[in-house]
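Biologist: Please put the chain on screen. I will ask what stands behind each label.

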Amino acid sequence: MDKEFLPRIFDAFSQEDSSNKNRYGSTGLGMAIRALDRPDAKTIPIIALTANAFDEDVQRSLQVGMNAHLSKPVEPDHLFKTLGELIWEAENQ
């Protein structure tokens with residue numbers, strides 16, 4: 001794995017800005033990341049971790065540019081599998 005890639009993954013894990021949440025629901029952080037003026041903003045993996053598990057919630061997350069949607073409580077095996085898939089995709093583009 002590229003040594004510069006791992007820290008970028010963790011850039012996506014931060015608290016959601018409450019102003020974005022009020023405007024966009026649980027998808028605000030994904031939209032904010034994708035809108036950043038950074039070279040990696042369009043490609044960094046983003047996983048929604050939320051209690052919202054309806055099909056509409058999953059579709060909304062994917063529509064705003066998130067790569068995956070996992071519902072809480074998060075199953076560690078599913079999280080690790082999803083991370084592995086996203087890392088593999090990023091390394092093989």
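Modeller: Accessibility comes first: buried means under 20% relative accessible area, exposed means over 50%, and partly exposed lies in between (1.4 Å probe, protein chains only). This is a predicted model, where local features need pLDDT of at least 70, side-chain atom pairs count only at pLDDT 80 or more, and totals for chains, interfaces and linings use all residues. Residues are numbered from 1 along each chain as its sequence is written, while side-chain values use heavy atoms and leave out hydrogens and water.

Biologist: How many helices and strands are there in the chain?

Modeller: Five helices and two strands. Both are DSSP runs numbered from the N terminus: H or I over at least four residues for a helix, E over at least two for a strand. Along the sequence the pattern reads α-α-α-β-α-β-α. Of the 93 residues, 30% are buried.

Biologist: How many Å should the 16 residues of helix H5 span, and how far apart are its end C-alpha atoms?

Modeller: The expected span is 1.5 Å times one less than the number of residues. For residues 76-91 that gives 22 Å, and the end C-alpha atoms are 22 Å apart, so the two agree.

Biologist: Which residues of H5 are buried?

Modeller: Leu 79, Thr 82, Leu 86 and Ile 87. Viewed down the H5 axis, they fall within an arc of 130 degrees, so they line one face of the helix. The arc is taken over the directions from the helix axis to the C-beta atoms. Asp 77, Phe 80, Lys 81 and Trp 88 are exposed on the other side of H5.

Biologist: What makes a nonpolar core?

Modeller: Buried Ala, Val, Leu, Ile, Met, Phe, Trp, Tyr and Cys residues, joined through side-chain atoms within 4.5 Å. The largest such core has six residues: Leu 29, Ile 33, Ile 44, Ile 46, Ala 48 and Met 66. Apart from it lies another core of five residues, including Ile 47, Leu 70, Leu 79 and Leu 86. In soluble globular proteins, nonpolar side chains tend to be buried together.

Biologist: What makes a salt bridge?

Modeller: A side-chain nitrogen of Lys or Arg within 4 Å of a carboxyl oxygen of Asp or Glu. The count comes to three. In Arg 38 and Asp 40 the closest N and O atoms are 3.0 Å apart, and the pair forms a salt bridge.

Biologist: Is Asp 40 buried or exposed?

Modeller: Its relative accessible area is 11%, so Asp 40 is buried. Arg 38, at 39%, is partly exposed.

Biologist: Where do Asp 57 and Arg 60 lie?

Modeller: Both are in helix H4, three residues apart, about one turn of the helix. Their side chains meet in a salt bridge at 3.4 Å, N to O. Asp 57 has 11% relative accessibility and therefore counts as buried. Arg 60 has 34% and counts as partly exposed.

Biologist: Which side chain meets Lys 81 in a salt bridge?

Modeller: That of Glu 85, at 3.0 Å, N to O. The two lie four residues apart in H5, about one turn of the helix. Lys 81 is exposed at 52%, and Glu 85 is partly exposed at 38%.

Biologist: What is the nearest side chain of opposite charge to Arg 34?

Modeller: Asp 40, 8.1 Å away; Arg 34 is buried yet has no salt bridge. For charge, Lys and Arg count as positive, Asp and Glu as negative, and His and the chain ends are not counted. Arg 34 sits in helix H3 (residues 28-35).

Biologist: Which side chain makes a polar contact with Arg 34?

Modeller: The side chain of Asn 67, at 3.0 Å. A polar contact is a pair of N or O atoms within 3.5 Å; within protein, one must be able to donate a hydrogen and the other to accept it, and residues adjacent in sequence count only if both atoms are side-chain atoms. The backbone oxygen of Ile 44 also lies 2.9 Å from a polar atom of the Arg 34 side chain.

Biologist: Which residues does the cis peptide bond join?

Modeller: Lys 72 and Pro 73, with omega about -5 degrees. Most peptide bonds are trans. Pro 73 is in the loop between strand E2 (68-71) and H5.

Biologist: Why does Phe 54 count as exposed?

Modeller: Its relative accessibility is 60%, so the exposed label applies. Phe 54 is in the loop between E1 and H4.
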